[in-house]
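Hello,

Here is the structure I promised to pass on to you. My notes on what turned up in it follow just below.

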Amino acid sequence: MGNVNHGSVDNLVQAGTIHGDVHMHAKGPAEHRDQWLAAPVHFVDREDPVAVLDSLLDQPRPGRAGCAVISGVHGVGKSALGAHWSHRKIDVFDGQVAFDFELGRWGLDDAADHCLRSLGVEGEVIPRATSGKLALLRSRTRQQKVLFFFDNVAELDDVVKLLPASEESFVLCTSHQDGAELVADGVEPIRLEPLKREHALDYLRRNNLRERVDAEPDAAAELVEQCGGLPIALHVMVGLLNRRTSWRIARAVQELSEQTRRRKHFREAFSELDLLVSQLSRAEAGLYALLGRWRGFALPVGAVAALAALNEIDAETHLAELHRICLVEENDQEQFLLHALVGQHAVETLEVDGGQSDDAVERLFAWYRRQGGYADRAVTPPNRLRVVEEGLDGENPFTAETGLEWLRSERINLLGIVRLAAESARHVDVIALCDGPLWALHNQDKHYSDTLAALGLAVTSATELGDLVAEARMRSLRGQLLVECEELDEADAECAQAVSAAERAGHRRILASALEFQGKVLHAREEFATAVANFERARELNEQLGRQRGMALQEYLIGKSLCGLERYDEALQVLATALDRTAEFPEDKRTPARIRVAAARAHQALGQHKQAISLLQEAISAIRERGASFDLAEPLELLADSLNATGRPGARELLAEALAIYTDAQSPRAERVRAKLSAG
């Protein structure tokens, strides 16, 4: 053997005769803990998830590392958030170990091996078995203060197995799977949503597009919408617009409006979605495709089941899987939706047979009419005037409370269904939904702009059908909203046409209703005597029809108009008769409260504030019990007036609550209440 060494060694001894022992002190293997990812450029928003991650570091967790799973649809910015947060905490840890699972290309064994080598464990010491590697990893991480960042994890169970046995360490991972299933294992799930419009626009501005964004705000907002608020798509458009310096933002929007070009630009995002969809069952993929055709809607389980011709248990099971892998989102109303870009992918990737799609539309419309009909009848009297009979059978699944909750949660969907029904000439559906659930909701909450637009479509549908009864009803309802918005000239014209259509139809109940609504316009115009004549004629028609509740409603309105004529004692007599008559209809909780409010006004005019206060307090209590927000505003305002008149405290609080209600409903009455508050 020669006296020459070839290769690299840690310790080398060259000696002749040796007497005694030789001690070899080997240098430990090198550690590679500084695996920090590059910090993202122009990072925006995400204050809430960053705050959650920060708080986790302060939580006690004896004997185990903290852990958070960042999930969300591909391209939502999971890795960017992880990298951003890890750089914010670079001084908290002694180092970082990073590993990319690449969505299943690498597994648990590979990750454990990488972590051990990064912590300085020599290859020959690392066990072959995965269980041995995990045990050694827990042993080597005791008392360590390391941040582990696992990106693109395909199987979240792997994360729990990799947790270090050190409360000073922390594991952060990203996945397309929701981390909620690991809460019992001490994992904090963080599900990212797309950037909101203002943050997405901020991202564009920060990337050398400020002048173009500010010059074309509408086009920029449309671009953000086309990108679905996803950072991956916004990043692509930033690159495109910085390359195409002559392009206006509107040109980029036009580029994305063409399917082939959009898929070309977003090929990375779409390819990842393709991979996820390829792993779905046939039923799940079919449901994903159908939901894509209803993007923009957030549908409850029952509606999804109707859409896909499934029972609710199967629909919920498929939705749970789509939600788990972040293809579908669930809001706080237990409604399911697709993000904009995901919806585009669903439509463009998976074909749905035309006939099958038509059947799905038919089922969904029928479901909303049925559920809306039940909710309407739970919230308003079942025998109130409706021009479309739904033929509902069986027990109503709603109570008054749950029916109102359903109407509120489904309002946006109902409006969307009405628009789609109008576009496809489904005129009966338009009328039924406006006269049923939307009108029932309007009697509780006010959303003037949306409801006026829907009723405008319903008037058109009725005239298209040549249905005079429906036309009179829809014009009457629209006239009522216009009165509430103080658009009296338009309301007068609408209600006059309603009375004309009702007279031509020869339908006494519809005519009585049209006369009632026209009388309300006359009352609002302070033509009180003419209004009384209308209401008396409507009362006579209801008497001919044997409709006691209809008579009570007209007596209530007569009493209000008599107050306008300053015939207060007469008004109180008529209102007392109306209140007695409502006792025959205990299910009607709204009308008695309205009568008491009208009577209170008469007592106020007579200076009888004690009686007014008693009636108003009783009405307010009943309205609160009913959960009707808008109906509260008037008695609150009147009660404040009587409290002020009698020198009692509490008026400002009542006026403030009334103002909030009117403001939320965008009612012109808000200004009157605001003036009262300003006057002190």
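Contacts first: among those in the protein chain with a separation of 6 or more, 67% are between residues 24 or more positions apart. Please keep in mind as you read that this is a predicted model.

On the overall build, the secondary structure of the protein chain consists of 31 helices and eight strands. The radius of gyration is 34 Å, whereas a compact globule of 680 residues would be near 26 Å. Along the principal axes, the C-alpha atoms occupy a box of roughly 130 × 65 × 55 Å. Of the 680 residues, 52% count as buried. The exposed surface of the protein chain comes to about 31600 Å², and 47% of that is supplied by carbon and sulfur atoms. As for charge, there are 77 positive and 105 negative charges, and their mean positions lie 2 Å apart.

Now to the salt bridges, of which the structure holds 51. Three pairs and a network seemed good ones to look up.

- Asp113 and Lys133 form a salt bridge, with 3.6 Å between the closest N and O atoms. This pair ties together distant parts of the chain, since Asp113 sits in helix α3 (residues 108-118) and Lys133 in helix α4 (residues 130-141), 20 residues apart. Both Asp113 and Lys133 are buried.
- Arg248 pairs with Glu216 in a salt bridge whose closest N and O atoms are 3.4 Å apart. Here too distant parts of the chain are linked: Arg248 belongs to the loop between α8 (231-243) and α9 (249-256), Glu216 to the loop between α6 (197-215) and α7 (217-226), and the two are 32 residues apart. Arg248 counts as exposed because its relative accessibility is 53%, while Glu216 counts as buried because its value is 8%.
- Arg567 forms a salt bridge with Glu570, and the closest N and O atoms are 3.0 Å apart. Arg567 has a relative accessible area of 37%, so it is partly exposed. Glu570, at 35% relative accessibility, likewise counts as partly exposed.
- Glu362, Arg369, Glu390, Arg426 and Asp429 are joined into one network by salt bridges that share partners.

By contrast, what does the surroundings of Arg46 look like, given that Arg46 has no salt bridge? Arg46 lies in the segment before α1 (47-57). Arg46 is buried, and the nearest side chain of opposite charge, that of Asp45, is 4.2 Å away. That distance does not make a salt bridge, because the nitrogen would have to be within 4 Å of a carboxyl oxygen. Not counting residues up to four places away in sequence, Arg46 touches Val76, Leu81, Leu192, Glu193, Pro194, Leu195 and Pro231.

Two helix positions are also worth a look while you have the model open. Gln554 has its place in helix α25 (residues 548-564). Is Gln554 buried or exposed? Gln554 is buried, because its relative accessible area is 1%. Setting aside neighbours within four places in sequence, Gln554 is in contact with Glu516, Phe535, Ala538, Arg539 and Asn542. From Gln554 to Glu587 the distance is 18 Å, C-alpha to C-alpha, and the two are 33 residues apart in sequence.

The other position is Gly456, found in helix α20 (residues 448-465). Gly456 has 22% relative accessibility and so counts as partly exposed, the cut-off for buried being under 20%. The C-alpha atoms of Gly456 and Arg509 are separated by 22 Å, with their places 53 residues apart along the chain.

Finally, some backbone angles. Which residues other than glycine have a positive phi? Asn152 is one of them, with phi near 55°, and Asn152 is in strand β3 (residues 146-153). Cys326 is another, with a positive phi of about 65°. Cys326 is found in the loop between α14 (312-324) and β7 (329-330), and counts as buried because its relative accessibility is 1%.

Happy browsing, and best wishes!

Methods:
Residues numbered from 1 in each chain as written. Predicted model: local features only at pLDDT ≥ 70, side-chain atom pairs only at ≥ 80, totals over all residues. Heavy atoms only, no water. Helix = DSSP H or I, 4+ residues; strand = E, 2+ residues; numbered from the N terminus. Rg over C-alpha atoms; globule rule 2.2 N^0.38 Å. Buried < 20%, exposed > 50% of the residue type's maximum accessible area, 1.4 Å probe, protein only. Contact = heavy atoms within 4.5 Å. Areas by Shrake-Rupley, 256 points an atom, 1.4 Å probe, with all protein chains shown as cover. Lys, Arg positive; Asp, Glu negative; His and termini not counted. Charge placed at Lys NZ, Arg CZ, Asp CG, Glu CD.
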